[in-house]
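Trainee: I am new to this structure and should like to know the grounds for each statement made about it. May we go through them in turn?

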Amino acid sequence: MNRKTLSAAFPVTVPVLMGYLAIGMAFGFMLQAIGYNYIWAFFMSLTIYAGSGQYLGVQLLNTHAALGTVALMTLLINFRHLVYGLSMLEKFRGMGLRKFYMIFSLTDETYALLSSVRVPAGVEPHSFYFTIALLDHSYWIIGSVIGAVAGALLPIDTTGIDFAMTALFVVIAVDQWKAYKKHLPALLGAVVTLVSLTLVGADNMLLPALAVIVAALLLLRGRLDEAEEHSKGKEENPVC
Amino acid sequence: MLTTAQAIAAIAVMAIVTFLTRALPFLLFDRGDHPPKLVLYLGRVLPPAVIAMLIIYCLKSNILAVEANLTALLDPAVLNQWLPALLSVAVVVILHVWKHNNLLSIFGGTILYMVLVQAVFI
């Protein structure tokens with residue numbers, strides 16, 4: 001990474017800088033509120049690096065979730081990354097060892113930048129992508145550490161701050177609602193989970209809900225597959 | 001709280017699974033194979049269903065409180081358990097449809113919720 005690459009990449013990442021500082025700070029704040037300080041915030045943001053995943057992680061740590069539950073929940077919330085990777089296969093080809101970092105750091109925001117950005121003339125594309133990814137990651141780490149430190153220093157009653165996670169998911173749902181033609185998958189997800197919560201209870205609701213959702217989506221494939229084909233790739237403004 | 005070792009284990013699992021979900025397409029399809037249509041289909045329809053599922057999961061205690069007290073929803077003690085969340089979710093939706101600004105929607109809704117549960121519905 002040289003100066004020229006950095007000065008080309010930085011302006012591109014400014015929107016992510018604002019977003020990651022804010023959402024990262026809220027994460028650090030929530031983490032501090034359940035008794036984990038900035039050192040935990042730093043290592044979580046360094047090693048996991050997923051917005052909604054880490055919000056959920058706070059909840060998982062706080063409820064002493066079993067490791068199997070942790071794995072399943074993390075898998076579920078990150079399932080959309082499967083689609084991101086598919087459209088980055090070409091871009092990351094030939095990046096050598098840096099490719100591992102590119103894959104690791106493929107968050108919603110970095111994906112959004114990389115899929116839309118134009119490489120300026122005279123800048124090596126792979127270094128450019130790598131610098132963008134590295135900058136985004138550092139914003140996220142800095143934001144979460146600031147949030148955790150602020151949470152420890154400021155005498156604020158943080159009761160209710162965990163609603164930030166609900167709000168984040170609602171925002172993603174609104175964006176998806178606009179981007180998708182058919183709303184059956186979203187409605188199905190909500191209704192099945194409600195039924196599961198009522199029948200199975202809060203502790204073990206997710207696995208049966210997910211099984212039914214996947215089964216129903218597979219059964220409905222004939223109806224849904226064609227309709228969604230046209231709205232592919234329209235999902236805009238992802239959050240975390 | 002979890003012990004330090006338990007917390008580190010949970011974080012390690014989150015980190016590994018997150019990386020695997022990002023790496024899977026590269027492991028499976030980087031040699032030019034076309035991904036199976038079924039995988040692409042699930043990749044399209046599963047995310048909205050999962051997000052809806054997670055919203056219900058986030059609101060589970062509010063929903064259970066409503067289900068357990070269907071005949072006394074307006075009783076102040078019961079009202080406190082669902083109205084703040086309902087109002088805040090509504091505000092997030094309205095803000096987001098109106099301004100389409102992620103940060104405004106998330107922080108507007110969260111600050112409202114914190115004010116409601118700390119100062120209004122107590």
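Mentor: We may begin with confidence in chain B, where pLDDT, the predictor's confidence in each residue from 0 to 100, averages 90. In chain B, 98% of the residues score at least 70. This is a predicted model, in which local features need pLDDT of at least 70, side-chain atom pairs count only at pLDDT 80 or more, and totals for chains, interfaces and linings use all residues. Residues are numbered from 1 along each chain as its sequence is written, and chains are lettered from A and ligands numbered from 1 in the order in which they are written.

Trainee: Which elements of chain B have the lowest and the highest mean pLDDT?

Mentor: Helix H2 (residues 37–58) of chain B has the lowest, 84, and helix H5 (residues 83–99) of chain B the highest, 96. Helices here are DSSP runs (H or I, at least four residues), numbered from the N terminus. For the complex, the predictor gives an ipTM of 0.89 and a pTM of 0.78.

Trainee: How many residues of chain B are in contact with chain A?

Mentor: Contact requires that the C-beta atoms of two residues, placed from the backbone, lie within 7 Å. By that criterion, 60 residues of chain B are in contact with 71 residues of chain A. H2(B) gives the largest share of the side of chain B that touches chain A, 18 residues.

Trainee: How do you know that the length of helix H3 (residues 51–62) of chain A agrees with its number of residues?

Mentor: The expected span is 1.5 Å times one less than the number of residues. For the twelve residues of H3(A) this gives 16 Å, and the end C-alpha atoms are 17 Å apart, so the two agree.

Trainee: What makes H3(A) mostly covered?

Mentor: A residue is buried if 20 or more other C-beta atoms, placed from the backbone, lie within 10 Å of its own. Ten of the twelve residues of H3(A) are buried, among them A:Gly51, A:Tyr55 and A:Leu61. The buried residues of H3(A) pack against helices H1 (3–33), H2 (38–47), H4 (67–77) and H9 (163–179) of chain A, together with H1 of chain B. H3(A) is followed by A:His64, whose phi is positive, near 55°.

Trainee: Where do the domains of chain A lie?

Mentor: Domain 1 covers 3–153 and domain 2 covers 177–240, with bounds from an automatic or database domain assignment. Their centres, taken over C-alpha atoms, are separated by 25 Å. Eleven residues of domain 1 of chain A are in contact with six residues of domain 2 of chain A.

Note on methods:
Helix = DSSP H or I, 4+ residues; strand = E, 2+ residues; numbered from the N terminus.
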